[in-house]
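Me: Please take a close look at a single part of this protein, the sheet and the elements joined to it. I would like one connected account, with the supporting values stated as you go.

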Amino acid sequence: PEDIAFIGDSAGCALCLTVCFRARDNGLPLPSRLFLFSPAHIDVSEENCKEEMAILAPDDILIPLQLIDNLNVFLRPGPEAAHNECDPYHGEIEGFPPMDIFTGSKEVFSSHAIRFYELAKRKGIDATLKIGKAVMHDWILMPLGKESLEVREMIAEKLKNDKIKNK
């Protein structure tokens, strides 16, 4: 596990967090680090986010608001669901590994990423937040110039340094 880092993109961030909940709750080791790119669907209740999302929607051509509304019908936890897994923002994230969270200033889910970062810090998790300037959802994975390249280089350096520390 100390040689493993999880990298999630968009809804894949929720998947990474769900695997961490399951591993921790079953006494299994956690990865050494989480990299969360453009986290989506980590707060399916969208508390206090709807207005911000509507403001950013015209600038984020990858994620139309109608898509979010349609998906959340299926993602909102029912009364019998394990809340952690369906809605990571409202789960117990204590004991999670260090995490690096990336979002764009023009990204419809940016408020989710910022709120999740703030939650991680309140819970004592070593977390960093990088907000790309004037970029949309998934900007890290696109050849959008110097900033996305710098982030990928920083991730490679962190992975290298983590591996050295864990030897």
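**The central strand region and its surroundings**

Reply: In this predicted model, E3, helix H5 (residues 110-122) and E4 form a β-α-β unit that is right-handed. The strand that opens this unit, E3, covers residues 99-104 and is joined to E4 by six bridges, the two running parallel. Within this pairing, Phe-102 has Lys-130 of E4 opposite to it.

E3 also pairs with E2, again in the parallel sense, through four bridges. There the bridge partner of Phe-35 is Asp-100 in E3. These pairings belong to an open sheet of four strands, ordered E1-E2-E3-E4 and paired in parallel. Strand E1 (5-9) and strand E4 (127-132) are the edge strands; each has a single partner strand, so one side of each is left without a neighbour in the sheet. On average, and with direction ignored, neighbouring strands of this sheet are turned by 10° against each other.

How many of the residues of E3 are buried? Six of the six are, so the strand is largely enclosed by the rest of the structure. The threshold behind this statement is a relative accessible area under 20%. The side chains of E3 can be divided by direction: Met-99, Ile-101 and Thr-103 point one way, while Asp-100, Phe-102 and Gly-104 point the other way, and all are buried. Two residues of the second group have already appeared as bridge partners: Asp-100 stands in the pairing with Phe-35, and Phe-102 in that with Lys-130.

On the E1 side of the sheet, helix H1 (residues 11-25) lies across E1 and strand E2 (33-37), and its direction is at about 145° to E1.

Beyond E4, the chain enters the loop between E4 and helix H6 (146-165), where Ala-134 is found. The phi of Ala-134 is near 55°, a positive value in a residue other than glycine. Most residues other than glycine have a negative phi. Asp-138 lies in the loop between E4 and H6 as well, and its phi, near 70°, is likewise positive in a residue other than glycine. Are these two loop residues buried or exposed? Ala-134 counts as exposed, at 57% relative accessibility, whereas Asp-138 is buried, with a relative accessible area of 14%.

The whole protein gives the setting for this part. It has six helices and four strands, which follow the pattern β-α-β-α-α-α-β-α-β-α along the sequence. Of its 167 residues, 44% are buried. The accessible surface comes to about 8600 Å², and carbon and sulfur atoms hold 59% of it. Among contacts with a separation of 6 or more, 77% are between residues 24 or more positions apart.

Conventions: Residues numbered from 1 in each chain as written. Predicted model: local features only at pLDDT ≥ 70, side-chain atom pairs only at ≥ 80, totals over all residues. Heavy atoms only, no water. Pairing = 2+ DSSP bridges. Axes fitted to C-alpha atoms, helices over the stretch in contact; angles between N-to-C directions. Contact = heavy atoms within 4.5 Å. Buried < 20%, exposed > 50% of the residue type's maximum accessible area, 1.4 Å probe, protein only. Areas by Shrake-Rupley, 256 points an atom, 1.4 Å probe, with all protein chains shown as cover. Right-handed = clockwise from strand over helix to strand, strands pointing away.
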